[in-house]
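Colleague: Could you take me through one part of this model in detail? I would like to look closely at where two of the chains meet.

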Number of protein chains: 4
Amino acid sequence: MIITLKKGAKRKEVESVIDKIKNLGYKPHVSKGKDVTIIGMIGEYAEKYKDSFEAMDAVEHISEIQKPYKLASREFKKENTIVKINRNVEVGGKQIHVMAGPCAVETKEILFNTAKTVKASGATILRGGAFKPRSSPYAFQGLGEKGLKYMEAAGEKFHMPTVSEAMTVEEVTLLSKYCDVIQIGARNIQNYDLLKAAGKQAKPVLLKRGMATTIKELLLSAEYILSQGNYNVMLCERGIRTFEDSTRFTLDLNAVPVLKKLTHLPIILDPSHGIGIREHVGTMAKACIAAGADGLIIEVHPNPEEALSDGPQSLLPDQFATLMKELDLIAKAVGRELL
Amino acid sequence: MIITLKKGAKRKEVESVIDKIKNLGYKPHVSKGKDVTIIGMIGEYAEKYKDSFEAMDAVEHISEIQKPYKLASREFKKENTIVKINRNVEVGGKQIHVMAGPCAVETKEILFNTAKTVKASGATILRGGAFKPRSSPYAFQGLGEKGLKYMEAAGEKFHMPTVSEAMTVEEVTLLSKYCDVIQIGARNIQNYDLLKAAGKQAKPVLLKRGMATTIKELLLSAEYILSQGNYNVMLCERGIRTFEDSTRFTLDLNAVPVLKKLTHLPIILDPSHGIGIREHVGTMAKACIAAGADGLIIEVHPNPEEALSDGPQSLLPDQFATLMKELDLIAKAVGRELL
Amino acid sequence: MIITLKKGAKRKEVESVIDKIKNLGYKPHVSKGKDVTIIGMIGEYAEKYKDSFEAMDAVEHISEIQKPYKLASREFKKENTIVKINRNVEVGGKQIHVMAGPCAVETKEILFNTAKTVKASGATILRGGAFKPRSSPYAFQGLGEKGLKYMEAAGEKFHMPTVSEAMTVEEVTLLSKYCDVIQIGARNIQNYDLLKAAGKQAKPVLLKRGMATTIKELLLSAEYILSQGNYNVMLCERGIRTFEDSTRFTLDLNAVPVLKKLTHLPIILDPSHGIGIREHVGTMAKACIAAGADGLIIEVHPNPEEALSDGPQSLLPDQFATLMKELDLIAKAVGRELL
Amino acid sequence: MIITLKKGAKRKEVESVIDKIKNLGYKPHVSKGKDVTIIGMIGEYAEKYKDSFEAMDAVEHISEIQKPYKLASREFKKENTIVKINRNVEVGGKQIHVMAGPCAVETKEILFNTAKTVKASGATILRGGAFKPRSSPYAFQGLGEKGLKYMEAAGEKFHMPTVSEAMTVEEVTLLSKYCDVIQIGARNIQNYDLLKAAGKQAKPVLLKRGMATTIKELLLSAEYILSQGNYNVMLCERGIRTFEDSTRFTLDLNAVPVLKKLTHLPIILDPSHGIGIREHVGTMAKACIAAGADGLIIEVHPNPEEALSDGPQSLLPDQFATLMKELDLIAKAVGRELL
């Protein structure tokens with residue numbers, strides 16, 4: 001990192017910064033200008049000490065040079081990571097995968113109907129929530145383990161791997177038993193015990209960016225999982241919170257090329273939450289593919305008016321079927337495959 | 001609009017709201033619940049009086065029903081507006097148009113070189129700034145009228161209509177003489193005298209959304225131009241300001257389908273400013289087309305390291321040429337044409 | 001809630017909305033304008049069904065009338081809640097309380113030194129983290145239970161109740177044994193199992209707003225705790241994430257009067273995180289008191305340069321001592337007491 | 001500025017950066033680490049060339065060391081600037097000044113009534129808009145020059161200097177004739193011709209921060225005025241746009257101590273716009289004083305329900321009178337004076 005000292009920093013202050021760098025086992029690179037002295041402190045994990053230098057009165061500003069994450073970085077691993085999921089699904093290669101299904105598992109019938117139809121349309125992974133994070137304590141909170149059993153049965157019947165969300169360490173254990181991919185939701189992006197638990201089991205993880213998480217923080221949260229030994233992590237952009245109130249969130253498509261540059265992990269996009277308006281989900285799904293997404297996660301419900309959550313952004317099965325054909329055209333236009 | 005009264009509003013207070021509605025010439029629709037009274041006030045321009053009802057103590061909340069803009073709305077005009085530009089360029093139809101060129105006009109040579117090359121790659125409109133809005137008073141501020149003359153000459157030589165930015169009423173007059181499209185920049189999105197001046201002349205206008213402008217406010221600013229009689233307005237999304245600092249702005253692609261629904265005006269996207277990083281501009285340009293853009297505006301410079309502004313986000317001519325072919329594939333995949 | 005139908009909604013569509021309201025056991029209030037039909041659905045928990053109406057094609061917009069939280073609302077309880085903490089500390093009355101101490105418990109010596117000095121300056125509650133949420137997996141993560149034992153010992157020795165953060169359900173149990181107030185941090189504002197766990201034990205809870213949490217969501221998260229039977233909840237504003245990058249966060253002081261109006265719970269402010277720059281913490285602390293804070297939480301460290309976290313925003317003991325006298329003057333100017 | 005090169009930058013690339021620095025007349029400070037090379041380029045206006053270095057492929061990141069503004073900085077002028085306004089009003093010293101009056105000048109009677117009452121309560125400057133920037137072209141746009149004449153007459157009658165907003169260069173000329181302080185509004189913060197016009201005349205300027213303007217950009221806009229020779233500039237924080245929608249804007253009080261550190265110019269706060277809700281304006285006004293404001297600008301209207309703009313946030317004269325006494329207590333508590 002580069003430490004810029006305040007104008008007029010005294011000699012003694014400059015020396016105390018230099019001494020501190022040496023004491024930590026690094027070599028200081030001092031560059032004295034007419035007014036300003038800058039000191040480089042470069043080496044593995046130097047950024048870890050940023051706070052303690054910033055707390056020194058003589059320090060004006062510190063800029064980080066090295067990335068604070070390692071295992072998640074392109075520097076660490078040049079080739080794209082291919083995440084291998086049960087039933088021979090591989091995410092991160094030429095094939096783009098679409099995860100589809102209802103927001104929440106409500107009944108076995110709805111789930112099976114939806115699974116059948118999204119499978120027929122080309123979805124390769126079945127999504128459905130059994131444990132639902134809801135802003136209000138009075139809203140439907142999911143079927144729990146019963147929902148997971150339905151997911152497992154639907155996956156079995158329609159030959160699709162399944163993805164569902166875990167909100168607690170216990171739910172991670174349950175999910176690793178019943179499901180094929182464990183989703184960590186946007187609200188839990190900095191729930192570090194949960195991240196560690198996801199890192200200590202073997203199933204692939206779908207990690208969703210929080211609504212105010214920077215790209216750097218998203219990669220640091222991924223690092224929590226990777227550093228526990230689980231390298232099968234997919235990152236998911238699902239909309240950030242901004243001043244614009246005509247959409248539910250602002251889908252940050254800029255994040256796709258930026259992440260592709262910084263990390264080797266596959267990038268999944270969630271246009272359903274990212275815009276939150278049914279009639280616009282398809283348009284944004286197309287933009288996601290064009291931006292380089294390795295996969296999409298889309299909410300589909302046979303009867304959105306009766307859905308217990310996220311009805312306004314769920315596609316009807318027919319809309320989804322049409323969309324998949326349109327998405328395939330975009331995929332081919334960017335040298336990928338979808339159907 | 002719908003006026004919700006506070007719980008426990010007194011009879012007298014309710015009546016004073018009702019009287020006010022009647023005095024303004026509207027018919028109140030009163031709906032009394034057990035706890036809450038709500039009063040509808042529906043009719044042309046009712047929303048104009050929102051503030052004066054909100055200022056009443058008995059009023060809890062007002063929600064707008066009707067859009068505060070009219071001429072810009074889909075309700076007013078169902079079919080897409082085709083903006084006709086000199087040299088037979090039409091924006092808003094099946095053909096997607098790319099406006100390309102240097103951020104600022106610097107020298108005649110650079111401009112002509114760039115024009116020649118972007119024309120060859122398929123750009124149909126030449127962009128270049130003669131009056132540059134710069135955050136710092138010490139930065140290069142543009143060549144002024146001389147720059148406009150170069151633009152006119154380049155347009156003539158390469159048979160391309162031109163677009164350039166006006167920051168003052170006087171510059172609108174100058175531009176309407178030398179250029180084919182007048183750009184109102186993001187910083188001037190609520191400079192109402194400038195908007196009116198653009199509305200009083202005949203050349204088409206490219207109106208850029210401000211970095212903290214809501215979609216509703218963007219359409220209200222367009223309404224300023226339309227209400228002066230100039231209906232040839234193109235709206236441009238160019239990135240909004242959010243907490244994310246790894247990109248220059250956050251390109252709000254959600255805005256494309258939302259705007260397409262609300263307005264008949266063509267939508268142009270600016271991926272150069274929207275992400276601000278050269279190597280990612282192309283990827284975002286693809287996403288823009290997939291999201292339904294009617295056109296793009298892209299910065300190209302033969303030698304970005306020497307550019308007097310926006311070098312970091314300018315494409316090299318070769319990069320632009322390759323990109324245009326890739327964009328054409330996406331355009332076709334969404335049923336449009338580009339090359 | 002008020003349901004506005006789309007212009008031109010068909011009679012059949014209008015009736016299906018009305019039927020749905022009746023089937024849910026509510027009485028519809030229909031108001032037909034020339035162009036637009038609006039339907040009121042008012043009654044306890046009507047807002048719970050918002051999503052399922054929004055998912056109907058004929059629905060243009062829904063505005064909520066009733067608050068989605070109940071126990072946390074002023075409507076439910078008019079008088080300010082006084083939260084009673086061990087050692088006879090009461091938060092929410094005339095007396096303003098200052099919680100002070102190091103960000104993290106590092107060593108017994110530093111903690112005891114800090115406790116002694118902040119107590120002498122007038123702080124009434126000792127803060128210190130034993131479990132630290134850190135963006136990076138490679139940063140210091142806290143002393144764990146050993147840190148809690150130090151906190152308990154320091155509280156005993158200096159006769160101060162203590163507050164520390166829990167990030168997991170297990171940590172809630174540990175903290176309810178060793179500490180007097182359980183803090184739920186900003187990153188866990190929507191970690192619902194954690195909120196429920198905090199609601200099921202008896203110690204008071206300090207609930208920090210997340211960096212992108214709306215005021216409504218903050219109150220819904222509080223509702224999770226209250227609905228489990230624990231009414232001793234203090235809300236804490238600690239800065240939200242905005243585009244401004246010259247400060248760590250943007251302290252949202254607007255939230256103080258807005259929350260005071262909506263809820264009976266005490267409001268605590270955290271100027272240390274809210275601005276993140278040591279030399280400005282004191283100024284913001286003054287503004288917090290003037291805005292109506294019931295308490296403050298401030299980081300103090302005898303040697304910030306050596307602090308393992310948050311050194312840049314920690315006050316020195318001398319600065320804290322001076323500040324407390326200044327804060328007392330502001331407290332008196334707004335009719336409160338501090339020292 | 002500090003230029004960090006990409007890992008693995010080639011020798012030739014490093015040299016081309018060094019040569020460019022030399023060619024621009026600066027001395028490069030090179031510091032080679034094991035992986036990374038950093039180059040310092042320090043000297044007056046070095047930051048001006050940031051873009052052209054960022055456009056080089058070998059450059060990873062540039063951090064600015066020197067501030068891009070000069071005349072507005074504390075480095076340039078250590079002592080606080082005291083802005084001298086007609087009728088012996090001085091802003092920036094111990095005395096805190098309150099500018100009060102209606103949002104817009106509507107009739108002579110309302111203006112005079114309001115002026116009389118705010119003067120009696122202790123306001124020292126009369127505010128009132130003659131040219132009103134309105135989001136909608138269909139809303140009341142102000143009385144124009146007639147309004148200015150009323151302002152001049154009211155100032156004369158009640159011995160108060162006046163402040164009013166200019167939106168065009170022509171209006172600056174008009175205002176400098178009729179009024180004592182020229183306000184540049186939030187929407188025009190980067191309307192550079194307007195800033196220059198304000199800098200070329202002699203009356204003091206009240207420059208309002210835009211809703212998405214960073215503190216650095218605010219100071220750069222001030223620099224536009226100062227660099228034309230007018231040093232009598234007051235900066236005004238009036239709320240920024242964030243995700244929080246329970247208030248009109250988020251008043252950024254952090255900006256007060258940060259600005260006080262960076263600049264010598266007086267800081268005015270606008271709690272009326274900053275929160276936008278009448279019953280909370282007073283509370284926020286107190287917080288403003290505690291945070292170190294040199295002055296406030298507050299909207300007062302004898303009959304807010306009939307106000308043609310900003311009724312919901314205008315105080316009644318009685319509320320204003322009570323508030324002024326309360327503010328005086330806070331002012332004294334921070335060593336200032338108000339009444």
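Modeller: Happy to; here is the contact between chain C and chain A, followed by a word on how chain D relates to chain A. Please keep in mind that this is a predicted model.

Let's begin with the extent of the contact. Chain C contributes 49 residues to it and chain A contributes 49 residues. Together they bury an area of about 3800 Å², with carbon and sulfur atoms giving 49% of that.

Next come the polar features. There are four salt bridges between chain C and chain A. In a salt bridge between E217(C) and R241(A), the side chains meet at 2.7 Å, N to O. Counting residue pairs in polar contact across this interface, with both residues at pLDDT 80 or more, gives 26.

On the side of chain C that touches chain A, the elements giving two or more residues are α2 (50-54), α5 (169-178), α6 (192-200) and α7 (215-226). Of these, α7(C) has the largest share, with four residues. Sorted by class, that side of chain C holds 17 nonpolar, 13 polar and 19 charged residues.

Now for the symmetry between chain D and chain A. Chain D is superposed on chain A by a rotation of 180° with 0.0 Å of shift along the axis, at an RMSD of 0.0 Å. That is how a two-fold axis relates its copies. Within chain D, the residue that comes closest to this rotation axis is F243(D), whose C-alpha is at 2.2 Å. Of the interface residues of chain D, 100% are also interface residues in chain A, so these copies meet through the same surface.

How values were computed. Residues numbered from 1 in each chain as written. Chains lettered and ligands numbered in written order. Predicted model: local features only at pLDDT ≥ 70, side-chain atom pairs only at ≥ 80, totals over all residues. Heavy atoms only, no water. Least-squares fit on C-alpha atoms with pLDDT ≥ 70 in both. Contact = heavy atoms within 4.5 Å. Buried area = accessible area lost by both parts, 1.4 Å probe. Polar contact = N/O pair within 3.5 Å; in protein donor to acceptor, adjacent residues only side chain to side chain. Nonpolar A, V, L, I, M, F, W, Y, C, P; charged D, E, K, R; others polar.
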